[in-house]
Amino acid sequence: MKPKISVCMATYNGEKYIAEQLNSILKQLAENDEIIVSDDSSTDNTVKILQTYAAKDPRIQLFLYQTFRDPIQNFQNALKKSTGDYIYLSDQDDVWLDNKVNTINTILESYDLVLHDSIVTDENLNITAPSFFKIFGSKKGILKNVIKSSYYGSCMAFRRKILENALPFPKTKEIGQDLWLGLVAELTGKVTLVETPYIYYRRHQNTFTLRGLGGTKRNIFQIIRGRLVMFYELIKFSIRKIGLF
């Protein structure tokens, strides 16, 4: 039986690009797949756009008027609502390239989590860098990713068992949902990096994650504190889930 796909998206004031992203995803999904959208009380026309799409396509399930004020918790809400065998994370402002789902699904037959490359663009999809991996030096490895994360959710897909192991997310803003899922996958499953890009990774002034691509950088004390929190959460997880200590 063909695995069911869940695409999980957290939205907030994404009216400018959300339709283009939904179009790029929907054409790649099968009839029994789903897009789970959790919206964190958008104040623009995001909800209206989502409702228009959902009225026409039953694969889109909306969970509106959330009050997390936190993209990590908003993503966790979408993930908890998912029912698929294979789960894809999606930002609200990128564009998926053709054949992403078919290709990544095939790779997920042998791996528990797949991280693929992306083409970095400006807000108008003009290419600014052909490979995100090359900019960030993306690699596997727990220590490497605690120091500098390669796990960007817009480029990730994973088996349901990874989500089950990862929930609930640590109650800290020091570890994003995508990094946590990647670290859990490294501890409990098989991870692979695919150097072919499968999305246009759109960067603009309202993008949530910009560090390393011209965004705000934290001071050394904030960085050290963040790393210590990550190690603490990983040790707790290892003791609780897999008995490493």
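What span should the 12 residues of α8 have at 1.5 Å a residue, and how far apart are its end C-alpha atoms? The expected span is 16 Å, and the end C-alpha atoms of α8 are 16 Å apart, which agrees. The structure examined here is a predicted model, and all values below were computed from it.

The surroundings of helix α8 were considered next. Of its 12 residues, 9 are buried, so α8 is largely enclosed by the rest of the structure. The buried residues are Gln177, Asp178, Leu179, Trp180, Leu181, Gly182, Leu183, Val184 and Ala185. One of these, Trp180, takes part in an aromatic pair with Phe237. A search of the whole structure finds 7 aromatic pairs. In the pair of Trp180 and Phe237, the ring centres are 5.6 Å apart and the planes stand at 85°, so the arrangement is edge-to-face. Trp180 belongs to helix α8 (residues 177-188) and Phe237 to helix α9 (residues 220-242), so the pair ties together parts that lie 57 residues apart in sequence. Both Trp180 and Phe237 are buried.

Other aromatic residues are grouped elsewhere. Phe132, Phe136, Tyr152 and Tyr201 are linked into a cluster by ring pairs. Phe136, a member of this cluster, also has a charged neighbour: the charged end of Lys148 sits over its ring, 4.8 Å from the ring centre. A further contact of this kind involves Trp96, whose ring has the charged end of Lys100 over it at 4.0 Å from the centre.

At the level of the whole chain, the secondary structure comes to 9 helices and 9 strands. The C-alpha trace spans about 50 × 45 × 35 Å along its principal axes. For 245 residues, a compact globule would have a radius of gyration near 18 Å; the protein chain has 17 Å, which agrees. Of the 245 residues, 52% count as buried.

An unreviewed UniProt entry lists residues 6-165 as "domain: Glycosyltransferase 2-like". In the model, this span is 36% helix and 24% strand, and its end C-alpha atoms lie 17 Å apart.

Strand β8 (residues 156-159) contains Phe158. Phe158 is buried, with a relative accessible area of 0%. The C-alpha atoms of Phe158 and Val114 are separated by 6.2 Å, although the two residues are 44 residues apart along the chain.

The cysteines were examined for possible bonds. The structure holds 0 disulfides. For Cys8, the closest cysteine sulfur is that of Cys155, at 16 Å, which is too far for a bond. Taken from the other side, the sulfur of Cys155 has its closest cysteine sulfur in Cys8, again at 16 Å and too far for a bond. A disulfide would need the two sulfur atoms within 2.5 Å. Cys8 counts as buried at 0% relative accessibility, and Cys155 is buried with a relative accessible area of 3%.

Some features of the backbone occur in loops. The peptide bond from Leu167 to Pro168 is cis, with omega near -10°. Pro168 is found in the loop between α7 (160-166) and α8, the helix described at the start. Two residues that are not glycines have a positive phi. Ser41 has a phi of about 60° and is found in the loop between β2 (34-39) and α2 (46-56). Tyr65 also has a positive phi of about 60°, and its place is the loop between β3 (60-63) and α3 (71-81). As to accessibility, Ser41 counts as buried at 18%, since the limit for burial is under 20% relative accessible area. Tyr65, in contrast, is exposed, with a relative accessible area of 57%.

Note on methods. Residues numbered from 1 in each chain as written. Predicted model: local features only at pLDDT ≥ 70, side-chain atom pairs only at ≥ 80, totals over all residues. Heavy atoms only, no water. UniProt positions renumbered as here; feature names shortened; annotations may be inferred. Helix = DSSP H or I, 4+ residues; strand = E, 2+ residues; numbered from the N terminus. Phe/Tyr/Trp six-rings, centres within 6.5 Å; stacked < 30°, edge-to-face > 60°. Buried < 20%, exposed > 50% of the residue type's maximum accessible area, 1.4 Å probe, protein only. Lys NZ or Arg CZ within 6 Å of the ring centre and 35° of its normal. Expected span 1.5 Å × (residues − 1). Rg over C-alpha atoms; globule rule 2.2 N^0.38 Å.
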